[in-house]
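Thank you all for coming; I would like to walk you through one structure this morning, going from its interior outwards to its loops and open spaces. Please have the sequence and the model in view as I speak.

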Amino acid sequence: MLQLATNNETGYWQDLDRAHHLHPFTDTAALNRKGSRIITDAKGVYLWDSDGQRLLDGMAGLWCVAVGYGRQELVDAATRQMTRLPFYNTFFQTSHVPAIEAARAIAEVAPEGMRRVFFTGSGSESNDTVLRMVRHYWAQRGLPHRNVIIGRVNGYHGSTVAGASLGGMKPMHAQGGLPIPGVAHIGQPYWFGSDRSLTPEEFGLRSARELEAKILELGPDRVAAFIGEPVQGAGGVIIPPSTYWPEIQRICRKYGLLLVSDEVICGFGRTGSWWGCQTMGVAPDLMPIAKALTSGYLPLGGVIVRDEIAEVLETGGEFFHGFTYSGHPASCAVAAANIKIIKEERLVERVRDRIGPYFQEKLRTLGDHPLVGEVRGIGLLGAIELVKDKATLERFPNEGETGLLCREHCFRSGLVMRAVRDTMILSPPLVISEAEVDELVTLARRALDATAKERGLG
Ligand SMILES: *Cc1c(COP(=O)(O)O)cnc(C)c1O
């Protein structure tokens, strides 16, 4: 452990990183001026960097490390599988035990009536698969013109062409001429980001009814599906009011749209149920999954399909879609072992009954901070809104700068907390202990204090 630190080689690795490595979602010039942080080790909810600094990982990697770092069961599952059968495809009328086991394990915890899984390599590929499945479904039903999918502003569905198109991130659309044709967007159910003249419940209904207006604008005979994350993650942990999702479901049923619940973040217990759609009280037709499916130990994604939809898809002959790594044996072995841990350690129940409520209670103690306009969360998701004026909730000028500043202070304090514009967000591993939650909140307060001081507040 921490070999790099003792060799004092941080600069060496930073130089090589600059020379050869292009990072995702990164301003390369800015990073290269500063030098990247080299993460070397991890255990439980903690990371270590090459200077030997310990960081509490408030983001579970990228929302994925549900069971925590250093789980030997997952390492063993991968090792056993790679020794026996490191790769085989599932294309040409072949299958293998780990893909079958993983599919069964997923089906066992999936909502009622969703017993089929199509495997992919990531969440983005899962949403590309959704787009193709939805259009293939309507074509099979003799309605090929029903091909428009409606997503939401600031939704995140991945970074491939279809994923980024379904998502509603303006800066992503601006690079490369997205969205592709046949994708439309409505607003997000972001009450704090609204003028707050309505109650959250009224606002939730109004937001959901944007879907009906968009369907009528496009023509109900053209609209195929609606896609949304139960809680928008990368968009800033946007928790819709309780009225929102039931109204979305009602509208989807009224006009016959397929409902796609992107469970890439919310799945596997994050919100205190196995699936975010269950927390929100809706029954989707398709559920893209990834991230916590393997706790991030190996890449794997999938789409869980409602039985009736799978039956229609099956009438269409060959579905010309799939990936070399669909159902990768080692990834699937890790997924099955990971789901076993989540079940045996009752992590979903733990989030619902114990650590989720504890985390929410402690996080809300930050609400008294002069920099904080709102603290919200559900399960083990949290968001802290940074404001310039606590009384009027006025935002800072140069949106995003204060969030980045706070993120820097978090790193310095020993905490990984992510910034989305001026919203700080959290998504710790599901195994985080009460004492670690206390530490997280203490470190967050320290970072908020330092940020406020630098902004001339408090
Ligand atoms: C991360 C994410 C994706 C994309 O997953 P990748 O594995 O990064 O391709 C899709 N949907 C949601 C909700 C996500 O958070």
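Let me begin with a term I shall need at once: two residues are in contact when they have heavy atoms within 4.5 Å of each other. I should also say that this is a predicted model, and everything that follows should be heard with that in mind.

With that cut-off, and leaving aside its neighbours within four places in sequence, Ile248 is in contact with Ala208, Leu211, Phe226 and Leu259. Ile248 belongs to the largest nonpolar core, which has 106 residues, and it is among the members that touch the most others, together with Ile150, Leu211, Phe226, Phe268, Trp275 and Met417. The element that gives the most to this core is helix H17, residues 434–454, which supplies eight residues. The core also draws on both domains, taking at least three residues from domain 1 and at least three from domain 2. A second core, separate from that one, has 24 residues, including Ile149, Ala224, Val305 and Leu313.

Since I have mentioned the domains, let me set out their bounds. According to the domain assignment, domain 1 comprises 9–67 and 347–454, whereas domain 2 runs over 73–344. Their C-alpha centres lie 26 Å apart, and the contact between them takes 36 residues from domain 1 and 35 residues from domain 2.

Next, I turn to helix H14, residues 329–344. At 1.5 Å a residue, its 16 residues should span 22 Å, and the C-alpha atoms at its ends are indeed 22 Å apart, so the expected and modelled lengths agree. How much of H14 is buried? Taking buried to mean under 20% relative accessible area, 12 of the 16 residues fall in that class, and H14 is therefore largely enclosed by the rest of the structure. Among these buried residues are Pro329, Ser331, Cys332, Asn338 and Ile342. Their cover includes helix H5 (72–84), helix H6 (97–109), strand E4 (116–120) and helix H15 (347–364). Just after H14, Arg346 takes a positive phi of about 50°.

That brings me to the backbone of the loops, where two further residues deserve a look. Ser295, in the loop between strand E9 (286–289) and strand E10 (301–305), has a positive phi near 50° although it is not a glycine. Asn398 likewise has a positive phi near 50°, and its place is in the loop between strand E12 (381–386) and helix H16 (401–413). Which of the terms buried and exposed applies to Ser295, and which to Asn398? Ser295 has 0% relative accessibility and so counts as buried, whereas Asn398, at 52%, counts as exposed because the threshold for that class is over 50%. There is also a cis peptide bond, with omega of about 0°, joining Leu178 and Pro179, and Pro179 lies in the loop between helix H9 (170–174) and strand E6 (183–186).

Finally, a word on open space. The second largest pocket holds about 930 Å³. It is lined by 28 residues, of which Thr90, Val117, Phe118, Phe319 and His321 are the closest to its centre. H6, E4, helix H7 (123–140) and helix H13 (307–314) are the elements that each give two or more residues to the lining, and E4 gives the most, with four. Strand E4 thus returns here, having already appeared in the cover of the buried residues of H14.

Methods
Residues numbered from 1 in each chain as written. Predicted model: local features only at pLDDT ≥ 70, side-chain atom pairs only at ≥ 80, totals over all residues. Heavy atoms only, no water. Core = buried A, V, L, I, M, F, W, Y, C linked by side-chain atoms within 4.5 Å. Buried < 20%, exposed > 50% of the residue type's maximum accessible area, 1.4 Å probe, protein only. Domains from an automatic or database assignment. Expected span 1.5 Å × (residues − 1). 1 Å grid on protein atoms, 1.4 Å probe; cavity = no way out; pocket = protein on both sides within 12 Å on 5 of 7 lines; lining within 4 Å. Points joined across faces, edges and corners; volume = space filled by probe spheres on them.
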